[in-house]
Amino acid sequence: MNERYFERMRAQLGDEFAAYAACLGGAPARGVRVNTLKLSPQEFCAAAPFPLEPVPWEASGFYIEEEKPGKSPYHDAGLFYVQEPSAMCAAPLLAAMPGERVLDLCSAPGGKGTQLAQAMRGQGILVLNEKMPDRARILLQNVERMGVTNAVVTCADPAALAARFGGYFDKILVDAPCSGEGMLRKEESAAAEWSEQKVLMCADRQAKILESAARMLAPGGALVYSTCTFSREEDEDNAARFAAAHPDFALQSEVKLYPHRVRGEGHYAARFARAEGERRTFRPAKFTADRRAAAAWSAFADDFFAHPDALPQGQLASFGESLCLLPPGLFTLDGLKVLRAGLALGAFRGGRFEPAHALALALPRAAFARAYDCSDEEIARYLRGEELEAEGKGWCAVCWRGYPVGLGKLAGGKLKNHYPKGLRH
């Protein structure tokens, strides 16, 4: 490890430095967060294929020893998110509520954003933004796997968002890119890439992102700034400078977790509250759906769902061939790079409607008129992309132990596999 880094940490921690340095030789903490959009923590504890221990600062978080929890079909069903335990501390600090307009400004790969989605329970508008296109696509995959229906996934520079959404959001999370000092036990590259220059570069970039976030927060709103690093320049100093530069933002609380103090890799989070004031009025945008696509969707839905109110409320909208269900009250998306708005329903191609994988993951088994329940052997084959022997006709939800995992189409004594090729294993 870089000796200069140790010098800095020795000065920062004092008598605690020896304990910190010793803990770096241990194994990193592993965790999962239960997706309460689909089941309760108690239900997951009863079904989990590996032992669980509660994480103190997140009611749906658990420590695990399992090295590859993502191999479980429960992961494909979106019942849990693999998340480093100390990283779970930031989203609860924001206290997002159902019905609010919430922004996760640096959202990929989606741990904190889907945590916010759970708190909102499908109500309100959740914008999950990631500037880097490759990371934004990973974010979208996790949003769909976790069954989030009220999210808009964007790929934009924070400054570009701030230019059009001034004062729009009730709550904002800024989990800023950082020097990654809390990743030293998890990733060897974090130690190799560390330098004081990187710390200062990150601190400057974080300050600029915070400025954009400040412009987008409505009066009376709340902002949480977090990092997975320990440097004061990126953590306490950035928070103090931000508060000093914005008199209408009050620093309410700070949390700093170190790996020698808690069972986790380390995290920092600070909560700010903006003073009350006059709020701007935002008119919801008008979206339209292609008439033929809407008719095809209606016919498909009558056959596919067990009851007409299976889906959440929303507005039907066409984006090219794709049809989506948008959260009520959504703002204009013109000029934004949007990977997904609301719930992807499917696509209208060649006069036929083809359902989206996300549709299966967003609803419980009881919502579907047809569901095929896989055995343990069959679910492994399904996740590899294989056809199964099955009777019936039409599209169905493919389930394992009562939870939808994807889609299939029954025909000719077969269940044709529609699990996305990029997700197969």
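**Salt bridges and a pocket: a short tutorial**

Analyst: Start with one pair: glutamate 236 and arginine 232 form a salt bridge, with their closest N and O atoms 4.0 Å apart. This is a predicted model, where local features need pLDDT of at least 70, side-chain atom pairs count only at pLDDT 80 or more, and totals for chains, interfaces and linings use all residues. Residues are numbered from 1 along each chain as its sequence is written, and side-chain values use heavy atoms, with hydrogens and water left out.

User: What counts as a salt bridge, and how many does the structure hold?

Analyst: A side-chain nitrogen of Lys or Arg must lie within 4 Å of a carboxyl oxygen of Asp or Glu. The structure holds 31 of them.

User: Is glutamate 236 buried or exposed?

Analyst: Use relative accessible area: buried is under 20%, exposed is over 50%, and partly exposed is in between (1.4 Å probe, protein chains only). Glutamate 236 has 16%, so it counts as buried. Its partner, arginine 232, is partly exposed at 41%.

User: Which residue does arginine 349 meet in a salt bridge?

Analyst: Arginine 349 meets glutamate 354, at 3.2 Å from N to O. Arginine 349 is partly exposed at 39%. Glutamate 354 is partly exposed too, at 32%.

User: Where does glutamate 389 lie, and what is its salt-bridge partner?

Analyst: The partner is lysine 414, with the closest N and O atoms 2.6 Å apart. Glutamate 389 lies in strand β18 (residues 388-389) and lysine 414 in strand β21 (residues 414-417), so the pair ties together parts 25 residues apart in sequence. Strands (E, at least two residues) and helices (H or I, at least four) are DSSP runs, numbered from the N terminus. Glutamate 389 is exposed at 52%, while lysine 414 is partly exposed at 30%.

User: Which residues do salt bridges with shared partners join into one network?

Analyst: Arg4, Glu7, Arg8, Glu196 and Glu233.

User: How do I read a pocket?

Analyst: On a 1 Å grid over the protein atoms alone, a pocket is an open set of points with protein on both sides within 12 Å along at least five of seven lines. Lining residues have an atom within 4 Å of a point. Volume is the space filled by probe spheres set on the points, which are joined across faces, edges and corners. Here, the second largest pocket holds about 1000 Å³. It is lined by 43 residues, and Pro355, Ala356, His357, Ala358 and Pro420 are the closest to its centre.

User: Which helix gives the most to that lining?

Analyst: Helix α7 (residues 133-145), with six residues.

Technical notes
On a 1 Å grid over the protein atoms alone, a cavity is a set of points where a 1.4 Å probe fits but cannot get out, and a pocket is an open set with protein on both sides within 12 Å along at least five of seven lines; lining residues have an atom within 4 Å of a point.
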